[in-house]
Amino acid sequence: MTAPSAAPEPLLSTQGVTRWFGGLCAVDHVDFTLPAGEIRALIGPNGAGKSTFVGLLAGRILPSEGRVRFAGEDVTRLPAHARMARGMAYTFQITSIFANLSLFDNVALAVQRRLAPGQSLGSEVEAALARVGLDDRLDQPAGDLSYGHQRLLEIAMGLAQRPRLLILDEPTQGLSDGEIEGFKALVREVARDATVLLIEHNMDVVMSLADRITVLDMGAVLAEGTPAEIHADPAVQRAYLGG
Amino acid sequence: MTGFAKPGALHLAVALLLLAANFLLPEYHHGAMARVLTLAVFALGYNVMFGYTGLLSLGHALFFAAGLYGMGLPMQHLGLDAEPAFFLGIASGALVAAAVGALALRTAGVAFMIVTLMFAQAGYLTILYFLEYTRGDEGFVIAREARFFFGLDLAAPDVRYLSAWLLFTVAMFAVLALVRSPAGRVLVAIRENEERARMLGYDVARYKLGAIVISGALCGAAGAAYGLLFGYVGATFASVQYSILPLLWVLLGGAGTVLGPLLGVTFMFYLIDLSSGITDAYMLIAGAALVILTLFAPAGLLGELRRRALPWLP
């Protein structure tokens, strides 16, 4: 703003964003910036306000105070669907797919919004499912999949939107070790064209994927830095170990 | 991914079968089926909202009546011809639906049911209140001379059947095209998981309002056609009974299937018709049949068929 030669505006930023639930301050004046192209992990103890914070970013929850900017635009008052239409994608912490619809329809819903009329839906849907290895079950109802496969479908729906920012809320919860390895490879691949914000409890996933880590505690940013810096941070260790 | 071929062929076959029925049915059933086809358009309209979008309305009599009176009142009092009056009826249905939708969609679930029910009751009472124009419960007859549609006498049995058939066929293929389109997929997504649809970037409120307006236009078309084909406009059609009937038809035939509404109306019509030939307590037989069907085919006749044998049925 004052220095015109400064770095380009981050893809996503918040200023003093705050959310009260009755007398409880779930998110407390958080300033957050996420430059384009990064994989950022958001960690913190249970009840730190991580899910509320990404809810504020995605527009599922409106802030009591503060501002949210995305892709050069103030989106604080925009409803969730309008933010998604501007290039966010959000995968739910608790698997939220269309259980009675086929895999094809699930992914088609993620794809069709960005297609011009006449563009072929089928090949895009198959490609998105192929990336998670589910392209052999197009006609199967999504509800028949195992839990791990439902998580993968959810991720495929996120990818299929070709988002600029992909928000993943605890994506590896309930996945087997083998599935987690596949997931990590997938996120690295996605991160070549998208920015990724990841809420995650699995420290192995966080440490190996994230470029930078933001630690939330009691609704506020406790620390931010590279995985190595966070690993060594005494304040973070106290928050996690309750020391 | 299933192509368009199978569903398209099935619906075409049904349309042709109904066309052939015009020449084959005995007189009584010929007249009855004309009525069934017109009411099936009403049920099709209800199904767009309930079966596909998951919005349970208890006020659809209002949209049917909007079509009926939107057509009938200008004909009766302004001497309007049948052709513009019919399209005025469709527009009335869509317009009333847009107004009710804009207000009722602020609620969801049970509250939505109650609000739509209240709007329909308000509409019914309004018709009774303007007794001078509407003749209330007694209603009014549209003279046979006025019921000429592009030179065709709608009171003639053949013309009447074929008009009802044409309207039904157009409505059926319109609904088929809608539910197989990307927009139709979004409506089903809203029914299945509204929050997920929103988080995929769809403006859920706008899609719901669109579904209500389409539903209102179809119900308005059914109401206007009913008045023109059978020559009578009365407040009974705005009563709560005509809000419950489309729900029953769609539930019986199969909510969220394109042919379910037709099957539901036919089944219910002949159930009451046949049982009233056996006993005066025909509602008892009809009621028992409904209970049995609900117990053993909770997804409706076609819904059950789709679940068991024909997963590609739209």
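The following exercises, each with a worked solution, concern a predicted model with chains A and B.

**Exercise 1.** Determine in which order the strands of the antiparallel open sheet of chain A are arranged, and which of them stand at the edges.

*Solution.* Step one is the strand order. The sheet is open and contains 4 strands, arranged as β2-β1-β4-β5 in chain A, with antiparallel pairing. Step two is the edges. Strands β2 (24-34) and β5 (73-74) of chain A each have a single partner strand, so one side of each lacks a neighbour in the sheet. Step three is the register of one pair. In chain A, 5 bridges link β1 (residues 12-21) to β4 (residues 65-70) in the antiparallel sense; A:Ser13 lies opposite A:Arg69 of β4(A). Step four adds the helix. Helix α1 (residues 50-58) of chain A lies across β1, β2 and β4 of that chain, and runs at about 60 degrees to β2(A).

**Exercise 2.** Describe the 6-stranded open sheet of chain A and trace the pairing around β8(A).

*Solution.* Begin with the order. The strands follow one another as β6-β7-β8-β3-β9-β10 in chain A, and the pairing is mixed. At the edges stand β6 (88-91) and β10 (220-225) of chain A, each paired on one side only. On average, and with direction ignored, neighbouring strands of this sheet are turned by 15 degrees against each other.

Next, consider the partners of β8(A). Strand β7 (residues 165-169) of chain A pairs with β8(A) in the parallel sense through 5 bridges, and A:Ile167 is placed opposite A:Leu197 in β8(A). Strand β3(A) is likewise parallel to β8(A), over 4 bridges; here A:Ile39 faces A:Val196 of β8(A). Continuing along the sheet, β3 (residues 39-43) and β9 (residues 212-217) of chain A run parallel and are joined by 4 bridges, with A:Val215 in β9(A) as the bridge partner of A:Ile43.

Finally, examine burial. In a regular strand, side chains alternate between the two faces of the sheet. From β8(A), A:Thr195, A:Leu197 and A:Ile199 point one way, A:Val196 and A:Leu198 point the other way, and all are buried. Strand β8 (residues 195-199) of chain A is thus mostly covered, with 5 of its 5 residues buried.

**Exercise 3.** Establish how compact chain B is for its length, and classify the packing of α11(B) against α12(B).

*Solution.* The inventory of chain B is 14 helices and 4 strands. Its radius of gyration is 19 Å, close to the 20 Å given by the globule rule for 314 residues, so chain B is as compact as a globular protein of that length. The C-alpha trace of chain B spans about 55 × 45 × 40 Å along its principal axes, and 46% of the 314 residues are buried.

Turn now to the helix pair. The axes of α11 (residues 241-253) and α12 (residues 260-278) of chain B are 7 Å apart and meet at an angle of about 110 degrees. This falls in the range 65 to 115; α11(B) and α12(B) are therefore roughly perpendicular. Contributors to the contact include B:Trp249 of α11(B) and B:Phe267 of α12(B). By class, the contact residues comprise 10 nonpolar, 3 polar and no charged.

**Exercise 4.** Characterise the side of chain B that touches chain A.

*Solution.* First, count the participants: 17 residues of chain B and 18 residues of chain A take part in the contact. Second, locate them. Helices α8 (182-192) and α9 (194-199) of chain B each supply at least two residues of this side, and the largest share, 6 residues, belongs to α8(B). Third, sort by class: the side of chain B touching chain A holds 9 nonpolar, 2 polar and 6 charged residues.

Technical notes
Residues are numbered from 1 along each chain as its sequence is written. Chains are lettered from A and ligands numbered from 1 in the order in which they are written. This is a predicted model: local features need pLDDT of at least 70, side-chain atom pairs count only at pLDDT 80 or more; totals for chains, interfaces and linings use all residues. Two strands pair if DSSP finds at least two bridges between them. Two residues are in contact if their C-beta atoms, placed from the backbone, lie within 7 Å. Axes are lines fitted to C-alpha atoms, for helices over the stretch in contact, and angles run from 0 to 180 degrees between N-to-C directions. The radius of gyration is taken over C-alpha atoms; the globule rule is 2.2 Å times the number of residues to the power 0.38. A residue is buried if 20 or more other C-beta atoms lie within 10 Å of its own, exposed if 12 or fewer, and partly exposed in between; C-beta atoms are placed from the backbone. Angles under 35 degrees count as roughly parallel, over 145 as roughly antiparallel, 65 to 115 as roughly perpendicular and the rest as oblique. Ala, Val, Leu, Ile, Met, Phe, Trp, Tyr, Cys and Pro count as nonpolar, Asp, Glu, Lys and Arg as charged, and the others, Gly among them, as polar.
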